[in-house]
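Student: I am new to this structure and should like a close look at a single part of it. Please choose one helix, describe how its residues are placed, and then set it within the rest of the protein.

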Amino acid sequence: MLYLLDNGAGNIQSLANSLGKLGYVFEWVKDPTDIEKADQLLFPGVGAFGTAMEALSSKGYLEPLRKYILSGKPYMGICVGMQALFEGSTESPGVPGLGIIPTRVDRFDLEDGTSGCQKAVPHIGWNRVYAPSNDLKNAQAHGLEKDEWYYFVHSYRAAYDPRIADWTLGITRYGEESFISVIQHKNIFATQFHPEKSGAAGLALLKAWLGQTSEPRYVPRTFPTTFSQNKPTRRIVACLDVRSNDQGDLVVTKGESYDVRERAGSTGAEVRNMGKPVELAQRYFAEGADEIAFLNITSFRNWALGDQPMLSLLQKAAATIFVPLTIGGGIRDFTDPDGTFHPALNVAHAYFRAGADKVSIGSEAVVAVEALLERCRALGADPDPGKAPDQALQHNTGIEQISEMYGSQAVVVSIDPKRIYLDDNEPVPKAHAASLISGADERAQHQGKQARWWYACTVKGGRETRDIDVVQLARGVQRLGAGELLINSIDRDGSNAGFDTQLMDLIRSNVSISVIASSGAGSPAHFSEVFAKREATGGAAIEAALAAGIFHRQEVSISDVKNALEKDGLLVRNSTMPVPL
């Protein structure tokens with residue numbers, strides 16, 4: 001009997017869906033005696049190392065788990081389930097791991113060795129796995145494919161060390177760092193990446209482990225010293241804005257300047273309907289989307305945990321889509337109609353359990369950073385929220401609570417900035433000088449002329465402008481614990497004029513977390529522009545780009561985008577592997 005161990009954090013439903021897709025039945029570990037009963041044991045998970053180990057301890061799983069692994073029965077760990085095998089992690093000093101593998105887990109270096117470039121941490125995206133050159137048959141027996149991509153999302157890693165080569169079946173490069181991405185030693189198999197989110201390649205790897213009937217013979221392993229690739233691919237994200245239409249059905253819509261209703265005429269002023277959410281998402285998965293985002297633009301205005309249609313949507317999508325899923329809209333503290341208070345963490349938990357891998361937070365992030373700035377001022381601290389002292393952090397915001405429980409990689413902050421133009425002699429407000437841009441502007445009243453502007457942040461879907469700029473917000477949410485930024489542009493939304501590369505450059509140069517460009521894409525060339533522009537200057541490139549309307553209307557396909565990026569010499573994930581049955 002196959003058992004799955006649930007440490008209470010992250011989206012393990014996707015792994016359960018993957019097993020179902022492959023035709024396997026399993027039981028959940030409900031108490032320590034179940035570990036003893038298992039013939040095969042899978043330990044998936046995300047989140048902080050300390051949180052995971054403490055959850056195992058509180059449930060009485062630690063010693064039974066260690067005993068199971070040492071018994072020789074098949075064990076597979078995924079992400080935290082792999083890191084738990086080590087002696088400990090600098091993420092949670094003083095918290096011991098299982099101590100099976102004689103080394104520790106450390107954080108990625110931001111500075112990329114001798115190159116002097118900064119890389120984004122967390123490491124998020126599709127990367128390669130390099131198997132030992134003299135043990136390729138073993139790697140293939142475990143389902144590792146030489147030229148396939150696997151999905152990683154983590155800030156901490158076990159650096160590759162030749163002294164533990166006998167534990168290592170795969171290594172991955174991120175910049176100049178080589179880290180262990182696959183463990184295989186006797187009965188133990190583990191991956192740092194998420195096979196359940198790695199498309200057909202990941203499902204094939206799971207199927208290979210589940211079908212193992214004998215232990216491959218071990219040979220001393222040697223790994224390559226040169227690598228063809230040392231960073232993740234550029235990610236293409238398909239975004240679906242979801243809301244109820246006037247008949248109460250969930251539909252995918254798209255705003256024109258944030259207005260989602262058709263113009264008055266023969267069709268009336270109904271909500272613009274671009275299709276059914278799950279069906280569209282399934283199409284994008286089949287077309288090769290690297291991630292899919294569902295943004296509930298009604299924002300659960302009344303009762304988030306009572307929004308059963310969105311929970312059902314996620315469950316259905318996660319059952320058939322094996323790439324990362326993000327849910328946004330209404331991930332915040334709220335009080336339900338009977339007066340019961342629910343923290344944002346509970347809302348996020350419900351969506352993780354339904355199949356989401358990340359949650360996206362919008363307006364609530366603006367409120368959180370405004371409060372952080374006020375506390376910094378009261379303390380007489382540096383006005384840069386990115387440098388807020390520890391005493392300014394209260395650990396009571398949704399960003400902090402979710403990232404502390406599930407890891408920073410689970411928290412995306414969606415930012416909706418707009419340009420505030422300045423007259424020729426008008427000074428920029430001192431507090432917002434860091435977001436000042438000067439240059440040619442192609443929009444509206446400044447078309448073709450030199451202009452000056454700064455980027456103000458908005459809330460409520462762009463309907464309300466706040467006195468906080470995009471740099472303050474980006475640096476503030478990174479300090480609070482966000483692992484990724486989704487940068488929209490009110491000025492470019494629906495324009496088909498291309499991404500606001502000046503805005504993306506501004507953000508990228510002020511944060512060290514992953515950046516997703518959004519708003520304005522109208523052609524494959526626009527994706528090449530946003531990815532290549534920053535990289536050409538020697539800085540860290542934009543990691544991902546998102547589009548919605550052009551995909552929904554089939555004006556541009558995901559394969560069109562990826563083919564154009566490949567032609568321009570940029571790395572993308574193109575896989576022709578069929579989903580295994």
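Tutor: The secondary structure of this protein consists of 17 helices and 26 strands. The model is a predicted one. Of its 581 residues, 59% are buried. The accessible surface amounts to about 22,700 Å², and carbon and sulfur atoms hold 49% of that area. Among contacts with a separation of 6 or more, 72% are between residues 24 or more positions apart.

The part chosen for the close look is helix α8, which covers residues 277-287. Which of its residues are buried? They are Pro 277, Val 278, Leu 280, Ala 281, Tyr 284 and Phe 285. Viewed down the axis of α8, these buried residues fall within an arc of 160°, and therefore they line one face of the helix. Glu 279 and Ala 286, on the other side of α8, are exposed. Beyond the helix comes Gly 288, with a positive phi near 105°.

From this helix one may turn to a sheet. Seven strands make up an open sheet with mixed pairing, in the order β2-β1-β3-β4-β11-β10-β9. Its edge strands, β2 (27-28) and β9 (168-174), each pair on one side only. Strand β9 runs antiparallel to β10 (residues 177-185), and six bridges join the two. Within this pairing, Thr 172 is placed opposite Phe 179 of β10. A helix, α4 (residues 62-70), lies across three strands, namely β3 (40-43), β4 (75-78) and β11 (188-191). The angle at which α4 runs to β3 is about 125°.

Certain features of the backbone also deserve attention. Most residues other than glycine have a negative phi, and most peptide bonds are trans. Cys 79 is not a glycine, yet its phi is positive, at about 60°. This cysteine, Cys 79, belongs to the loop between β4 and α5 (80-83). Is Cys 79 buried or exposed? Its relative accessible area is 5%, which lies under the 20% limit, so Cys 79 counts as buried. His 395, also a residue other than glycine, has a positive phi near 55°. Its place is the loop between α11 (363-379) and α12 (398-406). With a relative accessible area of 42%, His 395 is partly exposed. As for the peptide bonds, the one from Val 121 to Pro 122 is cis, its omega being near 15°. Pro 122 is situated in the loop between β5 (106-107) and β6 (123-127).

Finally, there are positions that carry an annotation. In an unreviewed entry, UniProt lists Gly 330 and Asn 488 under "binding site". Gly 330 occurs in the loop between β15 (325-328) and β16 (334-335). Its relative accessibility is 7%, so Gly 330 counts as buried. Asn 488 is located in the loop between β24 (484-487) and α14 (501-508). Asn 488, too, is buried, its relative accessible area being 10%.

To return to the helix chosen at the outset, α8 has its buried residues along one face, while Glu 279 and Ala 286 are exposed on the other side.

Note on methods:
Residues are numbered from 1 along each chain as its sequence is written. This is a predicted model: local features need pLDDT of at least 70, side-chain atom pairs count only at pLDDT 80 or more; totals for chains, interfaces and linings use all residues. Side-chain values use heavy atoms; hydrogens and water are left out. UniProt positions are given in the numbering used here, feature names are shortened, and annotations may be inferred rather than shown by experiment. Helices (H or I, at least four residues) and strands (E, at least two) are DSSP runs, numbered from the N terminus. Buried means under 20% relative accessible area, exposed over 50%, partly exposed in between (1.4 Å probe, protein chains only). Contact means heavy atoms within 4.5 Å. Accessible areas come from the Shrake-Rupley method with a 1.4 Å probe; for residues, only the protein chains shown count as cover. The arc is that of the directions from the helix axis to the C-beta atoms. Two strands pair if DSSP finds at least two bridges between them. Axes are lines fitted to C-alpha atoms, for helices over the stretch in contact, and angles run from 0 to 180 degrees between N-to-C directions.
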